Each structure stands twice: as structure tokens, then as C-alpha cells.
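Visitor: Hey, I've just opened this one up and I'm new to it. Can you walk me through it?
Guide: Sure, let's have a look together.
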Amino acid sequence: MDVFETLSSVLMIICSIFGIICAFIFILIVATHRQCHTATILLVLNSTIAGLIANITCICQAIYQLMNIGNDKLCIIRGLLLQAGTGLLYHTLCVQALHRLFVTVYSTRPYLQTKRFNIFIVIIQWIFSIT
């Protein structure tokens, strides 16, 4: 393993740990403050959870790169989880953009802005992302 691969793995671990800490802080703030329970914060929480999943998968991948095992049997599964976590994160951003569209363009249809509708969209997004 050369120096560049080692540095990139260590940097990936450091960035992933920072992302995990930030995600946990945000989840803790949303869970403890009642005024944060709005539709917009729900969508941001959705993205935070997806980012948490992607960061956990990245840190696992970086650890295995540092161990330099080679092509172990779980490498394909970690790659699949990393791809799925990244796709999940991008899908949450699309849901946020859809919510902004409903708030600005379709402001005359208030049912598109309710928490119930946003939860429905988030559930559909998770089902789509998992498959």
C-alpha cells in the first residue's frame, strides 16, 4: 500500500467520523426540541440519516482498505452498501427539492405541504432507494 492510499484512507476515516458526529448532534437537537418538528426539518432529518448511513459505510470501507486484506468476500457487499447509501443520500435531496417545488409553485394546494404528505413521500423514497 503506497502513501497516497494510506493518506486517502485516513482522511476518509477522519471526514466520516466528523460527519457521524455532526449527524448525531443534529438528530439529538431535533429529538429534544419540539419546535424543530416541522415538515422542512423532517426532510433535513431524512437527509441526515441517509448521510449517517453513507458515512458509516465509508468508514468501514476505509478501515478495510487500511487493513489491506485484499479482495475479501465482503468487499462486494461493502461496495453495494456504499453505492446504496450514496444513492439514498441523493434521493433525499430530490425529495427536498420536490418539497420546495410544492411550497413555491404549488402554494395554492396546501395538502402538498402537510407533514402527512411529506412522510408519505419520504416512505416512498426509502422504498425506492432500498430496491
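Visitor: How many residues does α1 have, and how far does it reach?
Guide: Helix α1 has 30 residues and reaches 44 Å from its first C-alpha to its last. That's close to the 44 Å expected at 1.5 Å a residue. Keep in mind that this is a predicted model.
Visitor: OK, so where is confidence highest and where is it lowest?
Guide: Highest in helix α1 (residues 3-32), with a mean of 91, and lowest in helix α3 (residues 75-104), with a mean of 87. For the chain, the mean pLDDT is 86, and 97% of the residues reach 70 or more.
Visitor: Back to α1. Which of its residues are buried?
Guide: S9, I13, S16, G19, I20, A23 and V30. Part of what covers them is α2 (39-67).
Visitor: How do the axes of α1 and α2 sit relative to each other?
Guide: They come within 8 Å and cross at roughly 150°. Angles over 145 count as roughly antiparallel, so α1 is roughly antiparallel to α2.
Visitor: And is the crossing left-handed or right-handed?
Guide: Left-handed, where α1 passes α2.
Visitor: Let's pick one residue, S16. Which helix is it in?
Guide: S16 lies in α1.
Visitor: Why does S16 count as buried?
Guide: Because its relative accessible area is 3%, and the cut-off for buried is under 20%.
Visitor: What is S16 in contact with, leaving aside its neighbours within four places in sequence?
Guide: That would be N55, C58 and I59.

Key:
Residues are numbered from 1 along each chain as its sequence is written. This is a predicted model: local features need pLDDT of at least 70, side-chain atom pairs count only at pLDDT 80 or more; totals for chains, interfaces and linings use all residues. Side-chain values use heavy atoms; hydrogens and water are left out. pLDDT is the predictor's confidence in each residue, from 0 to 100. Helices (H or I, at least four residues) and strands (E, at least two) are DSSP runs, numbered from the N terminus. The expected span of a helix is 1.5 Å times one less than its number of residues. Buried means under 20% relative accessible area, exposed over 50%, partly exposed in between (1.4 Å probe, protein chains only). Contact means heavy atoms within 4.5 Å. Axes are lines fitted to C-alpha atoms, for helices over the stretch in contact, and angles run from 0 to 180 degrees between N-to-C directions. Angles under 35 degrees count as roughly parallel, over 145 as roughly antiparallel, 65 to 115 as roughly perpendicular and the rest as oblique. A crossing is left-handed if the near helix is turned anticlockwise from the far one by less than a right angle, and right-handed if clockwise.
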